[in-house]
Amino acid sequence: MPWIVGVSGASGTPYAAAVLRGLLDAGERVDLVVSRASRLTLLDETGISFRDAHWREDLREWLARGADGKPETFAVDVEGVRYWNAGDLAAGPSSGSYPVKGMLIVPASTACVAGVALGLSKDLLQRAASVTLKERRPLVVAVRETPLNGQTLRHLVALDDAGATVVPASPAFYAGATHIQDLVDFVAGRILDAAGVEHRLYRRWRGDLGGGTATGDGTRTT
């Protein structure tokens with residue numbers, strides 16, 4: 001069974017790319033939903049136009065790009081991905097009888113958070129999230145916004161009460177990050193942790209102070 005990955009219009013498309021790579025590297029299958037707003041964000045942040053008719057080529061180019069914008073940073077195989085148009089409310093993920101492991105929304109905009117919390121189902125991304133909640137499947141919401149107002153905080157609490165796991169896109173530095181990709185991979189790794197998917201995206205805390213400190217030659221202590 002696949003994981004549904006929903007990409008909403010918040011800034012943070014490198015997070016989505018890292019999560020998708022992590023799932024595929026773990027041998028997981030993915031049902032991908034890219035919102036209309038996220039296409040604009042993707043174009044702005046990467047220069048890539050995500051087109052329905054050429055989604056495989058566009059997805060491959062996107063996932064191969066590093067968080068610093070450098071193309072062909074990663075070798076990717078997108079054969080494990082099935083793409084659904086966000087406007088297709090008759091798609092498989094719109095039904096509870098469609099078998100999936102759960103859903104990850106990364107990044108999740110405040111509008112997306114509100115729509116899911118209120119059960120609006122205005123597009124396939126929101127509908128799939130509502131289905132995930134009603135079927136008691138794992139839903140991970142990687143919210144990417146700052147600062148957060150009271151209304152959004154209440155929506156996030158409502159999602160938590162409904163059984164979702166809220167993962168703010170908040171990088172940590174104890175893992176010895178030396179590159180923007182390290183910070184992105186930490187957030188992606190925490191999202192995959194919440195879903196129970198194994199990965200090797202970041203150095204885990206082992207209780208050793210200074211364990212992630214870079215040495216003079218640019219390597220990290222272990």
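**Notes on a predicted model**

1. Let's start with a residue from the tail end of the chain. R204 is partly exposed, with a relative accessible area of 31%. Before going on, keep in mind that this is a predicted model. The partner to look for is D193: the side chains of D193 and R204 form a salt bridge, 2.8 Å from N to O. D193 belongs to helix α7 and R204 to the segment after α7, 11 residues apart, so this pair links distant parts of the chain. D193 is partly exposed as well, at 23% relative accessible area. R190 also comes into the picture, since salt bridges with shared partners join R190, D193 and R204 into one network.

2. While you are in that segment, find W205, which is also placed after α7 (180-195). Is W205 buried, exposed or partly exposed? W205 is partly exposed, because its relative accessible area is 44% and partly exposed covers values between 20% and 50%. W205 joins Y174 and L209 in a nonpolar surface patch of about 380 Å².

3. Now zoom out. The protein has seven helices and six strands. Reading from the N terminus, the elements go β-α-β-α-α-β-β-α-α-β-α-β-α. The radius of gyration is 17 Å, close to the 17 Å that the globule rule gives for 222 residues, so the protein is as compact as a globular protein of that length. Along the principal axes, the C-alpha trace spans about 55 × 40 × 30 Å.

4. How much of the protein is tucked away? Of its 222 residues, 50% count as buried. On the outside, the protein exposes about 10,700 Å², and carbon and sulfur atoms supply 50% of that area. The contacts tell you about the fold too: if you take those with a separation of 6 or more, 69% are between residues 24 or more positions apart.

5. The sheet is a good thing to trace by eye. In what order do the six strands sit in it? They form an open sheet in the order β3-β2-β1-β4-β5-β6, with parallel pairing. β3 and β6 stand at the edges and have a single partner strand each, so one side of each has no neighbour in the sheet. As background, strands of a sheet pair through backbone hydrogen bonds, either parallel or antiparallel.

6. Have a closer look at β1. Five of its five residues are buried. In a regular strand the side chains alternate between the two faces of the sheet. In β1, W3, V5 and V7 lie on one side and I4 and G6 on the other, and they are all buried, so both faces are covered. Five bridges join β1 to β2, and the two strands run parallel. One place to check this is G6, which stands opposite V33 in β2.

7. Another pairing worth a look is β4 with β5. Strand β4 (residues 102-108) and strand β5 (residues 139-143) run parallel and are joined by four bridges. A108 has V143 in β5 as its bridge partner.

8. Which residues does helix α3 (residues 55-64) bury? They are W55, D58, L59, W62, L63 and A64. In general, an α-helix has 3.6 residues a turn, so residues three or four places apart point the same way. The buried residues of α3 pack against β1 (3-7), α1 (13-25), β2 (30-34), α2 (36-46) and β3 (81-85).

9. Back to charges. The salt bridges come to seven. One of them is R39 with D52, whose closest N and O atoms are 2.6 Å apart. This pair links distant parts of the chain, with R39 in helix α2 and D52 in the loop between α2 and α3, 13 residues apart. R39 counts as buried because its relative accessible area is 19%, and the cut-off for buried is under 20%. D52 is partly exposed at 36%.

10. A second example is E135 with K134, where the closest N and O atoms are 2.7 Å apart. E135 is partly exposed, at 32% relative accessible area, and K134 is partly exposed at 45%.

11. Last stop: P168, in the loop between β6 (165-166) and α7. P168 counts as partly exposed, with 47% relative accessibility. Its C-alpha atom is 8.3 Å from that of E145, and the two residues are 23 residues apart along the chain.

Conventions
Residues numbered from 1 in each chain as written. Predicted model: local features only at pLDDT ≥ 70, side-chain atom pairs only at ≥ 80, totals over all residues. Heavy atoms only, no water. Patch = residues over 30% accessible without salt bridge, like charges linked within 9 Å, V, L, I, M, F, W, Y side chains within 5 Å. Areas by Shrake-Rupley, 256 points an atom, 1.4 Å probe, with all protein chains shown as cover. Salt bridge = Lys/Arg side-chain N within 4 Å of Asp/Glu carboxyl O. Buried < 20%, exposed > 50% of the residue type's maximum accessible area, 1.4 Å probe, protein only. Rg over C-alpha atoms; globule rule 2.2 N^0.38 Å. Contact = heavy atoms within 4.5 Å. Pairing = 2+ DSSP bridges.
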